[in-house]
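Reader: I am new to this one. Please show me the structure, then let me ask why its parts get the labels they get.

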Amino acid sequence: MTSSQDINMLIDEVIKLEGDYSNHPADRGGPTRWGVTEAVARAHGYAGDMRHFPREDAAAIYKRKYWLRPGFDQIAQHAPDIAAQLFDTGINMGTGTASGFLQRALNALNRNGRDYEDISVDCAIGRKTLAALDAFLRKRGPQGKTVLLKAIEALQAARYIKLAETRPANQAFLYGWLANRIG
């Protein structure tokens with residue numbers, strides 16, 4: 001999943017899932033098109049009405065902000081399924097949160113440091129996170145990718161439930177989050 005074609009497929013999937021224009025009263029993001037909030041669009045130079053925000057601009061933001069900048073393209077070189085999950089989680093929860101889920105899961109799965117040293121949960125993909133991922137994958141093989149993905153999704157699901165518990169307006173989104181973002 002390191003080619004432009006593959007990231008473009010992920011972006012297409014996200015845009016299809018997110019849909020066209022939305023301005024749900026319970027959504028703190030306000031006006032949104034293609035899953036890009038008005039604040040994010042403005043931060044990337046878009047000044048128009050969000051109803052007319054171009055799909056191509058959304059795709060460029062997704063690639064730059066949610067794939068390349070956080071280093072998920074580097075994760076894809078080792079574990080494409082993990083990278084795809086981090087990409088989607090990063091869009092929905094923030095790339096730092098997604099990166100932190102990976103780091104927490106790697107630490108929890110290192111058998112108390114016997115397989116590789118704990119890494120700092122700094123919510124950024126760097127050489128130590130990539131080294132821990134490599135060590136985990138060498139030790140656990142193909143089934144390890146599946147287990148690591150489950151661990152990341154478990155952390156994500158727990159966060160969605162907490163968001164709904166702490167802000168009742170988020171209950172409007174919980175079912176969709178769990179149905180479309182987990183698994």
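**Labels and the values behind them**

Author: Arg-33 has a relative accessible area of 13%, so it is buried. Buried means under 20% relative accessible area, exposed over 50%, and partly exposed in between (1.4 Å probe, protein chains only). This is a predicted model, in which local features need pLDDT of at least 70, side-chain atom pairs count only at pLDDT 80 or more, and totals for chains, interfaces and linings use all residues. Residues are numbered from 1 along each chain as its sequence is written, and side-chain values use heavy atoms, with hydrogens and water left out.

Reader: What makes the meeting of Arg-33 and Asp-20 a salt bridge?

Author: The distance does. Their side chains meet at 2.5 Å, N to O. A salt bridge is a side-chain nitrogen of Lys or Arg within 4 Å of a carboxyl oxygen of Asp or Glu, so the pair qualifies. Arg-33 lies in strand 2 (residues 32-33) and Asp-20 in the loop between helix 1 and strand 1 (21-22), so parts that are 13 residues apart in sequence are tied together. Helices (H or I, at least four residues) and strands (E, at least two) are DSSP runs, numbered from the N terminus.

Reader: Why is Asp-20 called partly exposed?

Author: Asp-20 has 38% relative accessibility, so it counts as partly exposed.

Reader: How many salt bridges does the structure hold?

Author: Seven. One of them joins Asp-12 and Arg-55 at 2.9 Å, N to O. That pair links distant parts of the chain: Asp-12 is in helix 1, Arg-55 in helix 3, and they are 43 residues apart. Asp-12 is partly exposed at 39%. Arg-55 is partly exposed at 32%.

Reader: How do you know that Arg-181 forms a salt bridge with Glu-18?

Author: The closest N and O atoms are 2.1 Å apart. This pair also links distant parts of the chain, with Arg-181 in helix 8, Glu-18 in helix 1, and their positions 163 residues apart. Arg-181 has a relative accessible area of 5%, so it is buried. Glu-18 has 28%, so it is partly exposed.

Reader: Which residues are linked in a network of salt bridges?

Author: Glu-18, Asp-88 and Arg-181.

Reader: Why does Glu-153 have no salt bridge?

Author: Glu-153 is buried, and the nearest side chain of opposite charge, Lys-150, is 8.1 Å away. The limit is 4 Å, so this pair does not count. For charge, Lys and Arg count as positive and Asp and Glu as negative; His and the chain ends are not counted. Glu-153 is in helix 7. Leaving aside its neighbours within four places in sequence, Glu-153 is in contact (heavy atoms within 4.5 Å) with Gln-85, Ile-182 and Gly-183.

Reader: What makes Tyr-46 and Phe-53 an edge-to-face pair?

Author: Rings of Phe, Tyr and Trp (its six-membered ring) pair if their centres lie within 6.5 Å; planes under 30 degrees apart count as stacked, over 60 as edge-to-face and the rest as tilted. A search of the whole structure finds six aromatic pairs. In this one the centres are 4.9 Å apart and the planes are at 70 degrees, so it is edge-to-face. Both rings' residues are buried: Tyr-46 at 14% relative accessibility, Phe-53 at 1%.

Reader: Which residues form one aromatic cluster?

Author: Tyr-62, Tyr-66, Trp-67 and Phe-87.

Reader: Which residues have the most contacts inside the largest nonpolar core?

Author: Tyr-62 and Phe-87, in a core of 53 residues. Helix 7 gives the most to this core, with twelve residues. A nonpolar core is a set of buried Ala, Val, Leu, Ile, Met, Phe, Trp, Tyr and Cys residues joined through side-chain atoms within 4.5 Å.

Reader: What makes the link between the side chains of Asn-92 and Tyr-160 a polar contact?

Author: The distance is 2.6 Å. A polar contact is a pair of N or O atoms within 3.5 Å; within protein, one must be able to donate a hydrogen and the other to accept it, and residues adjacent in sequence count only if both atoms are side-chain atoms. Asn-92 is in helix 5. Its relative accessible area is 27%, so Asn-92 is partly exposed.

Reader: Why is Asn-112 called exposed?

Author: Asn-112 has 77% relative accessibility, so it counts as exposed. Asn-112 also has a positive phi of about 55 degrees although it is not a glycine. Most residues other than glycine have a negative phi.
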